[in-house]
Amino acid sequence: KSATTGSGSPPGSEPTDMAVYELHVRDFSAMDSSVPPELRGKYGAFGASHSHAVKHLTALAGAGLTHVHLLPCYDFGSVPEREQHQATVDHDALAQCASDSDEQQAAVARVANHDAYNWGYDPVHYGVPEGSYATDPDGARRVLEFRQMVSDLAAVGLRTVCDVVYNHTLAAG
C-alpha cells in the first residue's frame with residue numbers, strides 16, 4: 001500500500017498536473033536484453049526492476065511523470081496468443097539491410113499477418129487482458145499478470161491509464 005494514499009495507488013493528480021507517457025506493453029520490453037527472455041513483451045516485464053526499461057520508467061517518475069498510458073491491451077484478434085503460433089522476422093538478416101531498403105520491408109511484410117506486432121486497435125473482448133502479453137494466455141494468468149503489472153507501475157509511483165477505442169473492433173475490419 002502507498003504510504004501517501006493507503007490504497008496501494010500512487011497519489012492522484014489534478015488533470016492539469018498530469019504528465020503522461022504512452023507506451024505499448026509488448027514493445028516496452030520485447031527487444032530489451034536486460035529483461036528475462038520469458039518476460040520480454042509480457043506484462044511481467046514491468047516487474048523486472050533491474051531492467052533498462054523499468055529503470056527508465058522509474059527515472060521518469062522521479063522527474064515528474066505521473067501516468068503511463070497503455071496502448072490497447074485488452075484482448076484483440078489479430079495476434080496469435082501463443083508464441084509458437086507467431087511468425088517472427090530474422091533480426092540478424094534485417095540488420096544486414098539498409099533500414100530503408102526494399103529487402104527489409106519485404107522481410108517484415110512476409111510475416112506481418114502472423115507476427116506479434118500490433119497496436120491492438122482490433123479488440124474482441126473489452127476488459128479482458130490480451131493473452132499474448134501473458135506467460136500463459138489460458139485461464140486466469142492473463143488477469144493476474146495484468147493486475148501485477150499495474151501494481152508494479154504503482155510501486156514506482158505511476159498510475160495506469162488503458163487506451164480503449166470502442167468504435168474499433170476486429171469484426172469491423
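A nonpolar core is a set of buried Ala, Val, Leu, Ile, Met, Phe, Trp, Tyr and Cys residues joined through side-chain atoms within 4.5 Å. The views below are drawn from a predicted model.

**View A. The largest nonpolar core and the elements that build it.** This core has 22 residues, and those that touch the most other members are Val25, Phe46, Leu57, Leu70 and Met149. At least two residues each come from helix H1 (25-29), helix H2 (52-62), strand E2 (67-70) and helix H5 (141-155). Helix H2 makes the largest contribution, with 4 residues.

**View B. Phenylalanine 46 and its contacts.** Here we zoom in on one of the core residues that touch the most other members, Phe46. Once neighbours within four places in sequence are set aside, phenylalanine 46 is in contact with Leu23, Val25, Phe28, Val54, Leu57, Leu70, Met149, Asp152 and Leu153. Among these partners, Val25, Leu57, Leu70 and Met149 also belong to the group that touches the most other core members.

**View C. The largest pocket.** The space in this pocket comes to about 630 Å³. It is lined by 24 residues, and Arg26, Ala30, Thr88, His91 and Ala116 are the closest to its centre. Helices H1, H3 (91-95) and H4 (102-111) are the elements that each give two or more residues to the lining. Of the elements, H4 gives the most, with 4 residues. If you are thinking about chemistry, the lining divides into 11 nonpolar, 7 polar and 6 charged residues.

**View D. The one enclosed cavity.** Searching the whole structure turns up 1 cavity of 30 Å³ or more. The largest cavity has a volume of about 60 Å³. Its lining is made up of Pro72, Tyr74, Gly120, Tyr121, Pro123, Tyr126, Asp163, Val164 and Val165. Sorted by class, that lining has 7 nonpolar, 1 polar and 1 charged residues.

**View E. Cysteines without a disulfide.** A disulfide is a covalent bond between the sulfur atoms of two cysteines. In this model the count of disulfides is 0. For cysteine 73, the closest cysteine sulfur is that of cysteine 162, and the 4.1 Å between them is too far for a bond, because a disulfide needs the sulfur atoms to be within 2.5 Å. Cysteine 73 is buried, at 0% relative accessibility, whereas cysteine 97 is partly exposed, with a relative accessible area of 25%.

**View F. Two exposed residues of helix H3.** Alanine 95 lies in helix H3, and so does aspartate 92. Alanine 95 has a relative accessible area of 60% and counts as exposed; aspartate 92 is exposed as well, at 62%. From alanine 95 to leucine 70, the C-alpha atoms are 29 Å apart, with the two positions 25 residues apart along the chain. From aspartate 92 to glycine 127, the C-alpha separation is 37 Å, for positions 35 residues apart in sequence.

**View G. Asparagine 118 in its loop.** Asparagine 118 sits in the loop between H4 and strand E4 (123-129). Which residues does asparagine 118 touch, not counting those up to four places away in sequence? They are His24, Phe76, Ser78, Val79 and Tyr133. Asparagine 118 and aspartate 27 are 91 residues apart in sequence, and their C-alpha atoms are 9.6 Å apart in space.

Methods
Residues are numbered from 1 along each chain as its sequence is written. This is a predicted model: local features need pLDDT of at least 70, side-chain atom pairs count only at pLDDT 80 or more; totals for chains, interfaces and linings use all residues. Side-chain values use heavy atoms; hydrogens and water are left out. Buried means under 20% relative accessible area, exposed over 50%, partly exposed in between (1.4 Å probe, protein chains only). Contact means heavy atoms within 4.5 Å. On a 1 Å grid over the protein atoms alone, a cavity is a set of points where a 1.4 Å probe fits but cannot get out, and a pocket is an open set with protein on both sides within 12 Å along at least five of seven lines; lining residues have an atom within 4 Å of a point. Grid points are joined across faces, edges and corners, and a volume is the space filled by probe spheres set on the points. Ala, Val, Leu, Ile, Met, Phe, Trp, Tyr, Cys and Pro count as nonpolar, Asp, Glu, Lys and Arg as charged, and the others, Gly among them, as polar.
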